Amino acid sequence: MSTMKKRIPMFLLALAIMVAMALPTFAADYNNSLAGYNRLIYGSCSLNISGNNVVYNNQNVNLYTTNYSNDQTWVGIPQQNSYNDDPCAILKVKTSIVLGGTHYVLNANMTGTEWNANIKPYDTTNTEIYMCVGDVNSPRTRIYLREHPKYYLKAVSSGAGSNVVFSQSGGTNWLISVAG
């Protein structure tokens, strides 16, 4: 009986150590600096270019069920933010890198009251391609345009096929997940 009493506390101690070692791993699954390879996730869907493994100018960006494709992987190139301390980046869609040729980036089509999200060829003079995050210490954050900080990236609804816009009427809390 005394052997059993010694084993239970040792088992609980070993279990506590395993849990403590696993916690930092779980906490590092998000990357709110936008730098590197990322997926922008909302519910069961990810930010996605319309179409399958093709890129072209003004191609629409929407939500699609997360499938870990290049169409849902965004490569963040860190950029300077002269307005505040929020991290900013240009987000290139990985499909355009894999296919070679012109790299395409997330862009705001500035027409109307809500600006449609699409992709454009990478051009540093285009100010609508610089994205920033508001809260680097939270697993979910809102993404906004550096040059227009009141315009947030917003999924119109949460289902696959939902359009994505930049809107002044709030934004979506995105999970920015490291894409390996």
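# Notebook: salt bridges, rings and buried residues

**Entry 1. Charged pairs**

I looked for salt bridges and counted two. I am working with a predicted model. I kept one general idea in mind: side chains of opposite charge can pair when their charged atoms come close.

I took lysine 154 and glutamate 114 to begin with. Their side chains form a salt bridge, at 3.6 Å from N to O. I then asked where each partner sits. Lysine 154 belongs to strand β11, residues 152-155. Glutamate 114 is in the loop between β6 (104-109) and β7 (115-121). The two are 40 residues apart in sequence, so this pair ties together separate parts of the chain. I also checked how much of glutamate 114 is accessible. Its relative accessibility is 34%, so I noted it as partly exposed.

Next I turned to glutamate 147 and arginine 146. Their side chains meet in a salt bridge at 2.9 Å, N to O. Which of these two is buried, and which is partly exposed? Arginine 146 has a relative accessible area of 13%. The cut-off for buried is under 20%, so arginine 146 counts as buried. Glutamate 147 comes out at 25%, so I wrote it down as partly exposed.

**Entry 2. Charges over rings**

I stayed with arginine 146 for a moment. Over the face of which residue does arginine 146 lie? I found the ring of tyrosine 130 there, with its centre 4.0 Å away. So arginine 146 has a place in two of my notes: it pairs with glutamate 147, and it lies over tyrosine 130.

I noted a lysine in such a position too. Lysine 92 lies over the face of tyrosine 122, at 4.8 Å from the ring centre.

**Entry 3. Ring against ring**

How many aromatic pairs does the structure hold? I counted three. A pair of aromatic rings is described by the distance of the centres and the angle of the planes. I wrote down both values for two of the pairs.

One pair is tryptophan 115 with tyrosine 151. Their ring centres are 3.6 Å apart and their planes are at 5 degrees. Planes under 30 degrees apart count as stacked, so this pair is stacked. I traced where the partners come from. Tryptophan 115 is in strand β7, and tyrosine 151 is in the loop between β10 (143-145) and β11. They are 36 residues apart, and the pair links distant parts of the chain. Both tryptophan 115 and tyrosine 151 are buried.

Another pair is tyrosine 144 with tyrosine 152. Here the centres lie 5.9 Å apart and the planes are at 65 degrees. An angle over 60 degrees counts as edge-to-face, so that is the name I gave this pair. Tyrosine 144 and tyrosine 152 are both buried.

**Entry 4. A buried serine**

I picked serine 96. I found it in helix α2, residues 94-99. Is serine 96 buried or exposed? Its relative accessible area is 1%, so it is buried. I followed its side chain and found that it reaches the backbone nitrogen of tyrosine 104 at 3.0 Å. I then listed its contacts, leaving aside neighbours within four places in sequence. They are Val55, Thr102, His103 and Tyr104.

**Entry 5. Three asparagines**

Asparagine 31 is in the loop between α1 (2-27) and β1 (36-42). Its relative accessible area is 15%, so I marked it as buried. Beyond its neighbours within four places in sequence, asparagine 31 is in contact with Asn38, Ile176 and Val178. I also compared it with serine 138. The two are 107 residues apart in sequence, yet 9.4 Å apart in space, C-alpha to C-alpha.

I looked up asparagine 53 and asparagine 58 for their backbone angles. Most residues other than glycine have a negative phi. Asparagine 53 has a positive phi of about 60 degrees. Asparagine 58 has a positive phi of about 65 degrees. Asparagine 53 is in the loop between β2 (45-49) and β3 (59-65). Asparagine 58 is in the loop between β2 and β3 as well. Asparagine 53 is partly exposed at 39% relative accessibility. Asparagine 58 is partly exposed at 40%.

**Entry 6. The whole protein**

I finished with totals. The protein has two helices and 13 strands. Of its 180 residues, 38% are buried. Its exposed area is about 9500 Å², and carbon and sulfur atoms supply 57% of that. I also looked at contacts with a separation of 6 or more. Residues 24 or more positions apart account for 55% of them.

Methods: Residues numbered from 1 in each chain as written. Predicted model: local features only at pLDDT ≥ 70, side-chain atom pairs only at ≥ 80, totals over all residues. Heavy atoms only, no water. Helix = DSSP H or I, 4+ residues; strand = E, 2+ residues; numbered from the N terminus. Buried < 20%, exposed > 50% of the residue type's maximum accessible area, 1.4 Å probe, protein only. Polar contact = N/O pair within 3.5 Å; in protein donor to acceptor, adjacent residues only side chain to side chain. Contact = heavy atoms within 4.5 Å. Salt bridge = Lys/Arg side-chain N within 4 Å of Asp/Glu carboxyl O. Areas by Shrake-Rupley, 256 points an atom, 1.4 Å probe, with all protein chains shown as cover. Phe/Tyr/Trp six-rings, centres within 6.5 Å; stacked < 30°, edge-to-face > 60°. Lys NZ or Arg CZ within 6 Å of the ring centre and 35° of its normal.
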